[in-house]
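User: Please take a close look at the hollow spaces in this protein and at the parts that surround them. Short sentences would help me, as I am new to this.

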Amino acid sequence: MFQPVIPLTGNSGWKFLEATYDRQLESHSNSAQVRLDRDYLVEKFSRPITVENFLDDRRLLRVALTAFDLGGEEWKRGFVDKVLTEVADPESTFLARLNNAKYTAFAKALKPISGTIYFSPEEIAGIADNFETASFKAAVGDVDDSMRLSLNYKSGIGKIAGSGSSEEAILYRILGDVPTRTLLEGATNLPSDIGKLPIERQAVILKESLQRTFGIREMSELTSPENINRVIQRFHAMESIAQGMANYSSASAALTLLGGGSGLGSQGSANLFLSLL
């Protein structure tokens with residue numbers, strides 16, 4: 001399996017990944033396992049398949065869910081079944097109440113007719129391309145999860161905040177999407193434990209933080225290329241600051257321990273500590 005190359009962290013690493021994205025994605029897509037999974041999806045979807053057979057095929061389910069940024073959700077067989085059942089019912093409000101852009105896109109793409117899923121060749125090719133992109137983002141996450149969060153945010157914020165939904169619905173959708181929420185909390189320096197507050201209060205805090213940090217008043221403003229870049233850059237800057245503080249704190253603690261009763265003195269302790277790095 002191709003392993004993405006990200007030699008740097010923070011904004012420098014992000015700029016490198018952006019500059020080499022197309023070449024690295026191509027190398028990833030040409031790797032044996034990705035080609036095999038893509039070919040498997042194309043073969044299985046090239047003819048009608050019942051929802052039951054689709055759900056019973058763990059490999060196909062994994063590849064299809066990955067194509068919609070839902071990789072790792074294949075164990076939720078009953079829930080996926082519910083999603084596909086409800087999307088086939090024109091009177092169902094389940095997806096609207098679920099308020100999850102990824103599952104909505106997945107359900108509408110597969111939308112069964114009388115319990116059977118049909119695709120045109122063009123639709124299959126689109127899903128296969130999405131699988132390659134989404135699996136590449138997952139591979140990036142294995143190297144540096146902050147970069148995966150950034151790729152997901154760059155490609156996904158438009159679907160979440162540019163849907164034409166109400167401000168409240170968009171805020172709730174952001175709060176319910178863990179990767180997007182994580183990046184925005186990091187970019188605005190919000191503590192992760194705000195999740196313990198009532199959802200209504202979380203939405204107010206997030207909106208206030210976005211306005212204070214980026215001057216964003218309407219959630220749809222998050223979708224502009226300028227704001228996407230600003231948010232991602234600040235996320236990496238805050239990550240670098242947090243990492244620097246953690247390293248400094250660890251070094252200070254080590255120096256304190258070395259200095260206590262060692263007889264070396266502060267300078268001697270520092271020299272000893274540095275010699276161990």
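Analyst: Start with the names of the elements. A helix is a DSSP run of H or I with at least four residues, a strand is a run of E with at least two, and both are numbered from the N terminus. With these names we can place Ser 114: it sits in the loop between α7 and β2 (116–117). Ser 114 is exposed because its relative accessible area is 77%, and exposed means over 50%. Its phi is positive, near 55 degrees, and Ser 114 is not a glycine.

Now the whole protein. The model is predicted. It has 14 helices and 2 strands. Of its 277 residues, 40% are buried. Take the contacts between residues at least 6 apart in sequence: 61% of them join residues at least 24 apart. The accessible surface is about 14,700 Å², and carbon and sulfur atoms hold 53% of that.

Next, the hollow spaces. Rolling a probe the size of a water molecule over the atoms shows where empty space is left.

We begin with the largest pocket. Its volume is about 730 Å³. Its lining counts 35 residues, and those closest to the centre are Asp 69, Leu 70, Gly 71, Gly 72 and Arg 148. Six helices give two or more residues each to this lining: α2, α4, α7, α8, α9 and α11. Helix α8 gives the most, with 8 residues. Sorted by class, the lining has 15 nonpolar, 10 polar and 10 charged residues.

The second largest pocket holds about 400 Å³ of space. It is lined by 22 residues, with Phe 68, Asp 69, Ala 101, Lys 102 and Lys 159 closest to its centre. Helices α7, α8, α9 and α10 (167–176) each bring at least two residues to that lining. Here the classes come to 8 nonpolar, 8 polar and 6 charged residues.

Then there is enclosed space. The structure holds 1 cavity of 30 Å³ or more. The largest cavity encloses about 50 Å³. Its lining includes Asp 69 and Lys 102. Further along the chain, Asn 152, Tyr 153, Gly 156, Ile 157 and Ile 160 line it too. Asp 177, Pro 179 and Thr 180 are also part of the lining. Helices α9 (145–161) and α11 (178–187) each supply at least two residues of it. Helix α9 gives the most, with 5 residues. The lining is made of 4 nonpolar, 3 polar and 3 charged residues.

One residue keeps coming back. Asp 69 is among the residues closest to the centre of the second largest pocket, and it also lines the largest cavity. Asp 69 follows helix α4, and its phi is positive, near 60 degrees.

So look at α4 itself. It covers residues 58–67, and 7 of its 10 residues are buried. The buried ones are Leu 60, Leu 61, Val 63, Ala 64, Leu 65, Thr 66 and Ala 67. What covers them? Helices α2 (32–45), α3 (51–56), α5 (77–87), α7 (101–110) and α8 are part of the cover. Strand β1 (49–50) is part of it as well.

Helix α8 deserves a closer look. It runs over residues 121–143 and contains Ser 135. Ser 135 counts as buried because its relative accessible area is 12%, and buried means under 20%. Beyond its neighbours within four places in sequence, Ser 135 is in contact with His 28, Val 34 and Thr 66. Thr 66 is one of the buried residues of α4, so here you can see residues of α8 and α4 in contact, as contact means heavy atoms within 4.5 Å. With His 28, Ser 135 also makes a polar contact between side chains, at 2.9 Å.

Last, a loop to set beside that of Ser 114. Asn 99 lies in the loop between α6 (94–98) and α7. Its phi is also positive, near 55 degrees, and Asn 99 is a residue other than glycine. But is Asn 99 buried or exposed? Asn 99 is buried, with a relative accessible area of 19%, whereas Ser 114 is exposed.

Note on methods
Residues are numbered from 1 along each chain as its sequence is written. This is a predicted model: local features need pLDDT of at least 70, side-chain atom pairs count only at pLDDT 80 or more; totals for chains, interfaces and linings use all residues. Side-chain values use heavy atoms; hydrogens and water are left out. Buried means under 20% relative accessible area, exposed over 50%, partly exposed in between (1.4 Å probe, protein chains only). Accessible areas come from the Shrake-Rupley method with a 1.4 Å probe; for residues, only the protein chains shown count as cover. On a 1 Å grid over the protein atoms alone, a cavity is a set of points where a 1.4 Å probe fits but cannot get out, and a pocket is an open set with protein on both sides within 12 Å along at least five of seven lines; lining residues have an atom within 4 Å of a point. Grid points are joined across faces, edges and corners, and a volume is the space filled by probe spheres set on the points. Ala, Val, Leu, Ile, Met, Phe, Trp, Tyr, Cys and Pro count as nonpolar, Asp, Glu, Lys and Arg as charged, and the others, Gly among them, as polar. A polar contact is a pair of N or O atoms within 3.5 Å; within protein, one must be able to donate a hydrogen and the other to accept it, and residues adjacent in sequence count only if both atoms are side-chain atoms.
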